Amino acid sequence: MSMQDTPSSGRPPPRSGGPKAPSPHPDCPKCQRRMTIKQVAPVLFASNIDDIVYGCEDCGTEIKRSVKRA
Ligand SMILES: [Zn+2]
């Protein structure tokens with residue numbers, strides 16, 4: 001029997017959203033306009049994280065961001 005080495009060197013799991021954005025309001029990926037908050041919902045399994053849905057008033061694009069509460 002051979003033991004297989006798994007290359008796990010403390011690499012964090014991949015997360016959607018990319019690096020933390022400095023601005024709380026993201027720009028629309030389509031028309032680059034400042035998006036507005038449409039909905040805020042707390043994440044149940046993480047007490048200090050909110051799921052925020054941003055919407056673009058121009059083209060209607062919606063994106064969701066997980067934002068850590070201060
Ligand atoms: Zn837009």
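Here is a friendly conversation about a predicted model with a zinc site and a small set of strands.

Modeller: This is a predicted model, in which local features need pLDDT of at least 70 and side-chain atom pairs count only at pLDDT 80 or more, while totals for chains, interfaces and linings use all residues. Residues are numbered from 1 along each chain as its sequence is written, and side-chain values use heavy atoms, with hydrogens and water left out.

Biologist: Which residues coordinate the zinc ion?

Modeller: Donors are N, O and S atoms within 2.8 Å of the metal (3.2 Å for Na, K and Ca); water is not among the atoms, so sites may look incomplete. Here the SG atoms lie at 2.2 to 2.4 Å from the zinc ion. In sequence the donor residues follow the spacing C-x2-C-x24-C-x2-C. They are Cys28, Cys31, Cys56 and Cys59.

Biologist: What is the geometry of the zinc site?

Modeller: Four donors count as tetrahedral if all angles lie between 85 and 135 degrees. Ideal angles are 109.5 degrees for four tetrahedral donors. Angles among the 4 donor atoms here run from 101 to 127°, and the site is tetrahedral.

Biologist: Is cysteine 56 buried or exposed?

Modeller: Buried means under 20% relative accessible area, exposed over 50%, and partly exposed in between (1.4 Å probe, protein chains only). Cysteine 31 has 30% relative accessibility, so it counts as partly exposed. Cysteine 56 has 6%, so this residue counts as buried.

Biologist: In what order do the strands lie in the open sheet?

Modeller: Strands (E, at least two residues) are DSSP runs numbered from the N terminus, as are helices (H or I, at least four). Two strands pair if DSSP finds at least two bridges between them. The pairing here is antiparallel, and the 3 strands lie in the order E1-E2-E3.

Biologist: Which are the edge strands?

Modeller: An edge strand here pairs on one side only. In the open sheet of 3 strands, the edge strands are E1 and E3.

Biologist: How many bridges join E2 to E3?

Modeller: Among the partners, isoleucine 52 is matched with arginine 65 in E3, and aspartate 51 with serine 66 in E3. E2 and E3 also form a hairpin with 6 residues between them. The number of bridges joining E2 to E3 is 7.

Biologist: What is the phi of glutamine 32?

Modeller: Most residues other than glycine have a negative phi. Glutamine 32 is found in the segment before E1 and is exposed, with a relative accessible area of 53%. Although glutamine 32 is not a glycine, its phi is positive, at about 65°.

How values were computed. Tetrahedral: all angles 85-135°; square planar, octahedral: opposite > 155°, others 65-115°.
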